[in-house]
Each structure stands twice: as structure tokens, then as C-alpha cells.
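Let's walk through this two-chain model together, one piece at a time. Keep the viewer open and turn it as you read.

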Amino acid sequence: MVVFDKPKALADVQMHYCPGCTHGIVHRLVAEVIDELGIEGKTIGIAPVGCSVMAYDYFNCDMVEAAHGRAPAVATGVKRANPENIVFTYQGDGDLASIGMAETVHSAARNENITIIFINNAIYGMTGGQMAPTSLPGQITQTSPYGRNVNECGFPIKVCEMLSQLDGPEYLERVAVNNVKNVKNAKKAIKKAFQNQVDKKGFSLVEVVSSCPTNWGLTPSNALKWVEEKMIPYYPLGVYKDRSSK
Amino acid sequence: MSEKVLMKGNEAIAEAAIKAGCRHYFGYPITPQTEIAAYMAKRMPKIGGTFLQAESEIAAINMVYGVSAAGKRVMTSSSSPGISLKGEGISYMAGADLPALIVNVQRGGPGLGGIQPSQSDYFQATKGGAHGDFHMIVLAPASVQEMAELTVKGFELADKYRVTSMILADGTMGQMMEPVSLDFELAEEVEKPWAVTGTKMGRKHNIVNSLFLKPDQLEKTNIERFERYEIIKQNEVRYEEYLMEDAEICIAAFGIAARVARNAIDEARKQGIKVGLIRPITLWPFPEKAFADASNKVKQIISVELSMGQMIEDIRLSVNGKVPVTLCNRTGGMIPSPEQVLKAIINANEGGNE
């Protein structure tokens, strides 16, 4: 018999995400991992500014809403205050790789014992589809209406590759949630990122290549195709750093 | 009798914070307050505390936000340009009703300004200093002893009212050395049932948040916060009066300016001029009544400031046009001399300064 239950760490409320958005999948994976590790009662989540700003209503653990980009600094404070707590941030690409880049890089450099779930969907969703630091070359957005011109606005930032150059971080992996196989791998990576913190190993970041059908102007299924055909080739999946595997 | 030690103002703040139970400090180097960070870097590891040099002022204040959300006493310190950067976090902390102590050892501005003492962040400190409707409790020490005592007070008031307290000092107060007693009577620490410490599966989750998308809800949080501010205004106004009983001229000054003013007042008294001092210790809440009362008996109030005149606006609001309020000031890192203040007193006595 197969029983399909809602994870206990996920609140029983209606989420505000658009149809076809992959935030729901990633929320579920995080909640499943929290359940499986039995850590809900000591976990503190840090919500960002962006589409997942209201994640504080969706998880049953204690939650903090941070200023735009500052989640890793807030997480640092929460973790330093009570090191026995498990602290995770859940951030989008604008939050983590643009306005909050300094907080991201330095928390990684400090090997801060926190877990970061990084949603890369190559767009600012909440504000209505502007160019993100991870928008692809040529990608049409509200603020790159003729396509991202790399001569004017530069190239997308590959966060895992960049952070892997630092001595600090424990674990960096990029995953995707566009098909069943990738979702399963994403779950494994997220679980490892939390387990590392339980084991006091340090900074663990999982970048999840995600879709935004609404702002990409695609149907949910075509958006998943776009992840496969455009996003993953630019953002190759895999482990970028895993200190304990050496 | 308690033992006194010779300390710099900045060091007195740091040690007093530790005595008050603060075990978390986050900061970023900036003159003229770096002694606080240096002191914390030495002391915190020895007492099981956290000293962390953040990557920026912005990160530092957000680390403060995190520790405060987790229910622990926490502080940061900086000087004027750094406080501007912390403005974002200070506003978020106000919105989330988080307590903390923030120290501003002011230097001249605007912009990068200089590194010499100033009081030109008065507006920023007392009127909010960042976006949205909010206040901090602003404490203005005028001695190294007060740097220490108001630090302890700042933590206690912050916790009691769930607001940020700011020590608004200046480069002189930070750098000067004086004997200081660090024996404090500490108030009982308040419970923080709202803190994020983990549900332990025994309660509904706590959320620390400043986002309220429904306008009526947001308005409600603002109104409730301002009701708390009213209680602070009623209970926490602090000021010192000096020779005000028979005064015909009133000097208004805080911090280092008050010390300069006292010298000038003593000299003026020798010359037979009836002049006194009101020294606000809380700049917010402002001692409005003290000045309103003074306006019933003095012929002029002279605001002595290390700025182009900022506190003078609050004095004018307090006296509501009843007596002239004039300015005696230097700015940009310059300090008024006792002679300059004495001259203003003599002018006022002769009906001048208008």
C-alpha cells in the first residue's frame, strides 16, 4: 500500500504560488527532509524577499522573515545565538545572487553552519518578471525586453561554480526539479545539506534550478522543457563541492 | 563603595554591555568607535560569547536581527556613515518589534564627512532614521560613567518595550578616559515567549516578521507600536537640570556640548548672570515638559550643539513660541568653546542673539 501524506513540517494552508511553479515541490522536499530527520521542533527557517517571502506561513517550524538578501546574515545571528537549532534559509536568485551576494559569499567563506536552499528560476517573480542575475543571455524579461544583452548587463552568475572557489563551504550542489528523477536527486541533496548541519560540518547550499511559467510566458509543461533545454545546459547539475567526500 | 577603573568611553560601553548580559556583538570597523569592537574581540571568546566582524554594516545589523529574533541580548556599534547603512535593519527591527542596543559614536557629516566629534545625527536618531513610522529610544551620555550606565539601561529598556535603543555618543565621549564604576544593579531579564528558539513540538510556530500585506493589519501594528511609544514617553524621559531654580537664561545641551556649556554657565554665574542648563539624557523621548516649564520663567533658551541646529527644533516645538530659542553651535567636527557659549549667554542676558 502506498500512502501519500502531506509532510508534517508543512502547514495545512493554501500556498500563493502560481500554477506550475516549482516552489511547491521544493517546499515539500524541505518539509519531508525536516520530518525524516526529526528536527522540526528545533528548526528555524529564514524566509527571503521574493516569491517565497511568505514561506513563514508554509512551514510549521519557527520562522523569521528577513530583509531582501540578508537571510544568510540573519541565519548567522540565529545560529550563533542558539547553535543547537537547525537554521535554513530559502532564497531566490535576486535575493541570494544580486542584492544579497555579499551575505551569501561571506557566510560561505565563514563556513557558517547553516543550510541554504537557493531557488534559481532566472527571473524576479514577485515583482513581475524582471531580469535576474541568473537570467540567461538573450532572455526576454520586463527589464530586458530585447533580450539580455550581455555587453550591457553582463553575464549570468553561476553561484555554485563561484562559491566552489572558496575554501570555506562544506557542500555545494546544483539540482533541478523538472522531472521525477531530478526531484529525487534534489531531495537527496537537500537531505544532505540538512544532515551536514546536524553533523556540524558547516555551510551547505543546494541550488535548485526551477521554473517560472508565469513570468517566462510559458505553459507549466513548456516551462519544464525550457529548464531542460535552456537552463540546465547553462547551469550544469552536480556536486560542486563536498569536503567530506574527499 | 564600588571600585573605579580608568577607561575610555568606548571600552566602558563594551564592558557594561557584557555586564548587562550581552554575549553577541557584530560590527564593522569605523573610526571613532573601533575600540568597542577591539574590546569585544578580546573579551567575548573568553566568556563564551560571540564577536563577529561582519562583511558590512548591513550584514552586522542583520546578524543583530537574527540574535534578537532568537531571544538573546545583542548589540552593534558604528559611527555615522555606518549607522546610515544599518538603517535598513533598524527599520526592519522596528517593524518586527525586536530589541537590541545600537551605539552611534558620531562623527562629522554628511557623506564620509570627517572623523572628529559631531552631533549631527540627532535627526537620524530621534526621528526614526530609516523608512516607516518608528522610533528608537535614544540615550545621550555626557560622561564615561554614563556611557556605561546608559548601555545597561539601553538593553533593559529595549527588552522591556521591544524597541531598539541607541546610545548617541560622539567621538569625544568615545575617546575620553575617566574613572568609571562598573557595579550595576541589573533589572530582571524579561521573558521572550515570541522568540524563535524552536517549537520543540510543544507550541504553534513563532514568526518574526515585519511584512503585513493587508493595509488594515499593517496600520494596526503601527497604532499598537505608537501606543507603546506613548507609555515610553510617559515613563522614560530622563534629563538633568543644573542651576535652573532661579535661571533667567536656559542652556540646552547634551553629551559633550553639555560639558562645555557647564563651564560657560559657571563663568557666567561668577559674572552674576542667572543661567542654568537642561541636559536631555533621553533625546527620544524628548524632555518636552522640562523645556515647556522652563519657558515660563526664562527669557531665552540657547541650544548648544555640534551640528547646524537639530535639537533646537524639538526645543522650539516644546516651548511653542513662548520664548526665543537660539543656536550656539559648531559643526563638521568642531566643538564650541566655553568662551563662545559664554558670549552667547552674555548676549542673551542683554536681550540679544535673536
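Start where the chains share a sheet: β2(A) and strand β9 (residues 207-208) of chain B run parallel and are joined by 2 bridges. Within that pairing, A:Val64 has B:Val208 in β9(B) as its bridge partner. A word on names: helices (H or I, at least four residues) and strands (E, at least two) are DSSP runs, numbered from the N terminus. Two strands pair if DSSP finds at least two bridges between them.

Before going further, some ground rules. This is a predicted model, where local features need pLDDT of at least 70 and side-chain atom pairs count only at pLDDT 80 or more, while totals for chains, interfaces and linings use all residues. Residues are numbered from 1 along each chain as its sequence is written, and chains are lettered from A and ligands numbered from 1 in the order in which they are written.

Now zoom out from that pair of strands. They belong to an open sheet of 8 strands with mixed pairing, in the order β9(A)-β7(A)-β8(A)-β4(A)-β3(A)-β1(A)-β2(A)-β9(B). At the edges stand β9 (238-242) of chain A and β9 of chain B; each has a single partner strand, so one side of each is left without a neighbour in the sheet. At the chain A edge, β9(A) pairs with strand β7 (residues 171-176) of chain A in the antiparallel sense, over 4 bridges. Look there for A:Leu172, which stands opposite A:Lys241 in β9(A).

A helix also packs on these strands. Helix α1 (residues 23-37) of chain A lies across β1, β4 (115-120) and β8 (204-209) of chain A, and runs at about 165° to β4(A). For such angles, axes are lines fitted to C-alpha atoms, for helices over the stretch in contact, and angles run from 0 to 180 degrees between N-to-C directions. Contact means that the C-beta atoms of two residues, placed from the backbone, lie within 7 Å.

How many residues does each chain bring to the contact? Chain A gives 29 residues and chain B gives 32 residues. On the side of chain A that touches chain B, the elements giving two or more residues are β1 (43-47), β2 (62-65), α2 (71-81) and α4 (101-109) of chain A. The largest share of that side, 8 residues, comes from α2(A). By class, the side of chain A that touches chain B has 14 nonpolar, 8 polar and 7 charged residues. Here Ala, Val, Leu, Ile, Met, Phe, Trp, Tyr, Cys and Pro count as nonpolar, Asp, Glu, Lys and Arg as charged, and the others, Gly among them, as polar.

Two of those interface helices also pack on each other: α2(A) and α4(A) meet at an angle of about 40°, with their axes 7 Å apart. That makes α2(A) oblique to α4(A); angles under 35 degrees count as roughly parallel, over 145 as roughly antiparallel, 65 to 115 as roughly perpendicular and the rest as oblique. In this contact, A:Pro72, A:Ala73 and A:Thr76 in α2(A) meet A:Glu103, A:Thr104 and A:Ser107 in α4(A).

Now hop over to chain B, which has an open sheet of 5 strands with mixed pairing, in the order β10-β12-β11-β14-β15. Its edge strands are β10 (239-242) and β15 (325-329) of chain B, each pairing on one side only. From one strand to the next, the twist averages 20°. Inside the sheet, strand β11 (residues 249-252) of chain B runs parallel to β12(B), joined by 4 bridges, and B:Ala252 has B:Ile278 in β12(B) as its bridge partner. On this sheet packs α12(B), touching β11, β12, β14 and β15 of chain B, with its direction at about 165° to that of β14(B).

Finish with helix α1 (residues 9-19) of chain B. Is it buried or exposed? Of its 11 residues, 10 are buried, so α1(B) is largely enclosed by the rest of the structure. Buried means 20 or more other C-beta atoms within 10 Å of a residue's own, exposed means 12 or fewer, and partly exposed is in between, with C-beta atoms placed from the backbone. After α1(B) comes B:Gly21, with a positive phi near 95°.
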